[in-house]
Amino acid sequence: MTNAKQSLHFRILEDIARDLSGELNFPTYLDASFAVRNALNDPRVSIDKVVQVISVEPLITAKLLKLANSTAYNPGGKQITDIGQAIQRVGFETVRTTAVSVAMEQMLRSKHLAAFADIARRTWEHSLEVAAIARVLARRIGRANPEDALLAGMVHEIGTFYLLYRSAAYPEYQNDREGVLSLITGW
């Protein structure tokens, strides 16, 4: 790796450190965000359908679990990792508001990711596959809660989406797929 590439990678890391001090929202996979928005816009949507569409969108899942485990919704301190339980804890209107807000912000921010849409799609598909495998293994082996395993599989690549989003802000990366892939695999 050249010194210029290393310097660019470290500039992004400095930006990441600044981002981590606040609330993060970044695009994951645009089609998943559209599916969430469309499902939540249906006034007759079932809770099962909401769980289904939200559980395949890692950032919305993570934000809803964080909200459900906050002191406002969890004064007793009993932590949960199941998205269905999180929806029940915070209520459908809060879920709708949170998910649509995150999805809309993701859609607004995703226009910069057009050049990396195929990487985002493959990463999202990989996350779904790992989540499904983790859930099946947890059910069969019995050492872990299947819903915990599903969640872990779904969010295990969330950093890749964030790195795609951050790298898209740098003109040096916008036409440098090799550089972006190097950043993702290196960090």
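**Figure 1. Contacts between residues distant in sequence, and the overall make-up of the chain.** Of the contacts in the chain with a separation of 6 or more, 71% are accounted for by residues 24 or more positions apart. The model shown is predicted, and its secondary structure comes to 11 helices and 0 strands, so that the run of elements from the N terminus on reads α-α-α-α-α-α-α-α-α-α-α. Buried residues make up 41% of the 187 residues in the chain, while the area that the chain exposes is about 10100 Å², with 55% of it supplied by carbon and sulfur atoms.

**Figure 2. Close-up of the largest nonpolar core.** This core has 21 residues, and those with the most contacts inside it are Val-36, Val-50, Ile-54, Ile-60 and Val-95. Two or more residues are given to the core by each of the elements α2 (30-41), α3 (47-55), α4 (58-68), α5 (83-90) and α6 (92-109), and the largest share, 5 residues, comes from α4.

**Figure 3. Surroundings of Val-95, and a second core.** Once its neighbours within four places in sequence are left aside, Val-95 is in contact with Leu-40, Val-50, Ile-54, Leu-64, Ile-87 and Val-90. A second core, separate from the largest one, has 19 residues, among them Ala-120, Leu-150, Tyr-173 and Leu-183.

**Figure 4. Packing of helix α7 against helix α11.** Helix α7, which spans residues 117-141, and helix α11, which spans residues 177-186, pack at an angle of about 30°, and their axes lie 12 Å apart. The crossing of these two helices, α7 and α11, is right-handed. On the α7 side the residues that take part are Asp-118, Ile-119 and Arg-122, and these meet Arg-177, Leu-181 and Ile-184 in α11. Sorted by class, the contact of α7 with α11 has 3 nonpolar and 3 charged residues, and no polar ones.

**Figure 5. Cover over helix α9.** Helix α9, formed by residues 158-168, is mostly covered, in that 9 of its 11 residues are buried. The buried residues of α9 include the aromatic side chains of Phe-161, Tyr-162 and Tyr-165, and Leu-163, Leu-164 and Ala-168 are buried in this helix as well. Also buried in α9 are Thr-160, Arg-166 and Ser-167, of which Arg-166 counts as charged.

Definitions and conventions
Residues are numbered from 1 along each chain as its sequence is written. This is a predicted model: local features need pLDDT of at least 70, side-chain atom pairs count only at pLDDT 80 or more; totals for chains, interfaces and linings use all residues. Side-chain values use heavy atoms; hydrogens and water are left out. Axes are lines fitted to C-alpha atoms, for helices over the stretch in contact, and angles run from 0 to 180 degrees between N-to-C directions. Helices (H or I, at least four residues) and strands (E, at least two) are DSSP runs, numbered from the N terminus. A crossing is left-handed if the near helix is turned anticlockwise from the far one by less than a right angle, and right-handed if clockwise. Contact means heavy atoms within 4.5 Å. A nonpolar core is a set of buried Ala, Val, Leu, Ile, Met, Phe, Trp, Tyr and Cys residues joined through side-chain atoms within 4.5 Å. Buried means under 20% relative accessible area, exposed over 50%, partly exposed in between (1.4 Å probe, protein chains only). Accessible areas come from the Shrake-Rupley method with a 1.4 Å probe; for residues, only the protein chains shown count as cover.
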